[in-house]
Every structure is written in C-alpha cells, then in structure tokens.
Amino acid sequence: MKAIRANFRQLILFLKNDNMMFAACFTPLLCALLFRFGVPVLERMVTRYFNVSYIITPYYALFDLFLSVLSPTMLCYVAAMMILEEKDDRIIEYLFVTPLGKKGYLVSRLGVPVGISIVITIILLLLFNLSQISFAAKILLSVAGALQGLIAALIIVTLSSNKLEGMAAAKLTSLMSLGIMAPFFLQKGTQYLLSPLPSFWMAKGVYENTYLYMTLSFVLSFLWMGFLIKRFTRKTTG
C-alpha cells in the first residue's frame, strides 16, 4: 500500500509539471456548468423561436450520460499519458520488479484515478444533472462512466508506444462513446450494432429507465478490461 501511495504521488507531480494536463482535469467542471446552466437557456430560446413546447428537453438524459464519462475520461487520459512517458523512458520495466509489481503499478496509475473520478462524477451529477434520475442511478452511472474512462486509458497505452501516438489513439477512443447516443437516435434494430460497447448499455438503461441493463455494461466493461490489461502487460514485458 505504501508503494502504491508513493507511486500515485508521482502522478500528482506529473500533473503539477504539465499545465495542459492539469487544465484538462478541470474540463468536466466547466462542461457541467455549461450543461446545467447553458442548455436550459438554449432550450428556452429555441422553443420561443420555433413556438413549440420543447426541443432539447427529451435529450437532457443524454447530457447527464456524457457528464458521467467526462471526469473518468480526462483523469484516465492524464494517467495514460504518464504511463506512456514512463514506457518511453523504460521506467515501467524497473517498477514492475519492485515491491510495487505489475498489479500495484496499474492500481496506482489507473485504479486510484478511477476511484477519484467516481467520487467527482457523483458530486457533479448531484449538483449539475439535467434529467430526473434517482440517486442510485447516479451511483451506477458514475461507476459505469469510470469503467469507460479506464477502458479508454487501456486502449491508449496498449496501442501506443509514446505520448505522440497516445494523443492520436485518444481520438480513436472517442468512438467508445458512440454507444451513448444510439438509444436516442437510432432505431431499435440498428442500434444493436453498437451493443459490444459498454456505453450502449449504460445509455439504454437510462433511456428505458431499466437499470438492469447496467449489469450488461459492467460485464462488457470487465471483458474489455481483462483483454486490454493482458495485452498491455504482455507488450510491456515482452
């Protein structure tokens, strides 16, 4: 545990020394403020202009879904960039053979940020949510969103050899969020093309108010994570 705490402090120092990464951590708060206060104003403007009752209101839950993945995505992206920096400097191989070990390294670099992101997301959803979802649903969304961020980070570090490649891979991971929009915009038959994505099932659970779908999201997330962790450790130690 001491080794994990000491290694996590290195991540904090990495943030202090990289202004861009440090600023990225505040993106979820800025987006939360924009969603909570900007979207209702925009709704009033467009409904008044088109003389209709509502336009954006049916999609309020969609904004909450995106809010649930923002914090994990940004925090795990920062962690992934540090992993790639250590990978490029060939530090990881040495850390793996210290008391920290492979498991401790992944916990300190990815597990701790994921845990922090869950707490942050719960707070953001409590303060800035647009849709009327229950407290239990906010907890489930926060955990599901954190798993999406972890999967994105694992994809980045698995596909990339350095930070430059990692930035390119980060754009690819945005495709993992396509599943969030499927239940809102695609027909039932077509939307299942995105069913391998955990984000699809978390969105479907919110859209249909059936949070049993979250179970599928969790199961798929763990399958993705298991596969990617094996690939990452094999690639790093190979």
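What pLDDT does the protein average, and what share of the residues score at least 70?

**Figure 1. Start with confidence across the predicted model.** This is a predicted model, and the protein averages a pLDDT of 89, with 97% of the residues scoring at least 70. Among the elements, helix α11 has the highest mean pLDDT, at 95, while helix α1 (residues 2-17) has the lowest, at 72. A word of caution goes with that: where pLDDT is low, the predicted coordinates should not be read in detail.

**Figure 2. A nonpolar patch sits on the surface, and helix α9 is its main contributor.** Seven side chains make up about 600 Å² here: Leu159, Leu172, Leu175, Leu178, Met181, Phe185 and Leu186. Helix α9 (residues 178-185) gives the most, with three residues. Leu172 comes from helix α8 (residues 163-173) instead, and at 42% relative accessibility Leu172 counts as partly exposed.

**Figure 3. Now the buried residues of α9.** Gly179, Ile180, Ala182, Pro183 and Phe184 are the buried ones in this helix. Their cover includes α4 (60-88), α10 (188-191) and α11 (198-207). Phe184 also turns up in an aromatic cluster, together with Tyr59, Phe185 and Tyr207. Phe185, for its part, belongs to the nonpolar surface patch as well.

**Figure 4. Gly166 is a buried spot in helix α8.** The relative accessible area of Gly166 is 0%, so this glycine counts as buried. Skip the neighbours within four places in sequence, and the contacts of Gly166 are Met81, Leu84, Ile156 and Ser160. Take Ile156 from that list: Gly166 and Ile156 are ten residues apart in sequence, and their C-alpha atoms are 5.5 Å apart in space.

**Figure 5. Helix α4 is linked to α8 by a salt bridge between Glu85 and Lys163.** A search of the whole structure finds three salt bridges, and in this one the closest N and O atoms are 3.4 Å apart. The pair links distant parts of the chain, with Glu85 in helix α4 and Lys163 in helix α8, 78 residues apart. Both partners are partly exposed: Glu85 has a relative accessibility of 31%, and Lys163 comes in at 22%.

**Figure 6. Next along α4, Glu86 and Arg109 form a buried salt bridge.** The N to O distance is 2.7 Å. Glu86 lies in helix α4 and Arg109 in helix α6 (residues 101-128), so the bridge ties together parts that are 23 residues apart in sequence. Glu86 and Arg109 are both buried.

**Figure 7. Ser71 is another buried residue of helix α4.** Its relative accessibility is 2%. Which residues does Ser71 contact, leaving aside its neighbours within four places in sequence? They are Pro28, Ser117, Ile120, Thr121 and Leu124.

**Figure 8. Tyr192 pairs with two aromatic rings, Phe200 and Trp201.** The whole structure holds ten aromatic pairs. One of them joins Tyr192 and Phe200 edge-to-face, 5.6 Å centre to centre and with 65° between the planes. Tyr192 and Trp201 have ring centres 6.1 Å apart and planes at 50°, so that pair is tilted. Are the residues in this view buried or partly exposed? Tyr192 is partly exposed, at 36% relative accessibility, whereas Phe200 is buried at 0% and Trp201 is buried at 11%.

**Figure 9. Lys204 and Glu208 meet in a salt bridge.** Here the N to O distance is 2.7 Å. The two ends of the bridge differ in cover: Lys204 is buried, with a relative accessible area of 1%, but Glu208 is partly exposed at 28%.

**Figure 10. Finish in the loop after α11, with Tyr211.** This tyrosine lies between α11 and α12 (213-237), and its relative accessible area of 22% makes it partly exposed. Setting aside neighbours within four places in sequence, Tyr211 is in contact with Ile133, Ala137, Leu140, Gly205 and Val206. The C-alpha atoms of Tyr211 and Ala136 are separated by 9.5 Å, although these residues are 75 apart along the chain.

How values were computed
Residues numbered from 1 in each chain as written. Predicted model: local features only at pLDDT ≥ 70, side-chain atom pairs only at ≥ 80, totals over all residues. Heavy atoms only, no water. Patch = residues over 30% accessible without salt bridge, like charges linked within 9 Å, V, L, I, M, F, W, Y side chains within 5 Å. Areas by Shrake-Rupley, 256 points an atom, 1.4 Å probe, with all protein chains shown as cover. Salt bridge = Lys/Arg side-chain N within 4 Å of Asp/Glu carboxyl O. Helix = DSSP H or I, 4+ residues; strand = E, 2+ residues; numbered from the N terminus. Buried < 20%, exposed > 50% of the residue type's maximum accessible area, 1.4 Å probe, protein only. Contact = heavy atoms within 4.5 Å. pLDDT = per-residue confidence, 0-100. Phe/Tyr/Trp six-rings, centres within 6.5 Å; stacked < 30°, edge-to-face > 60°.
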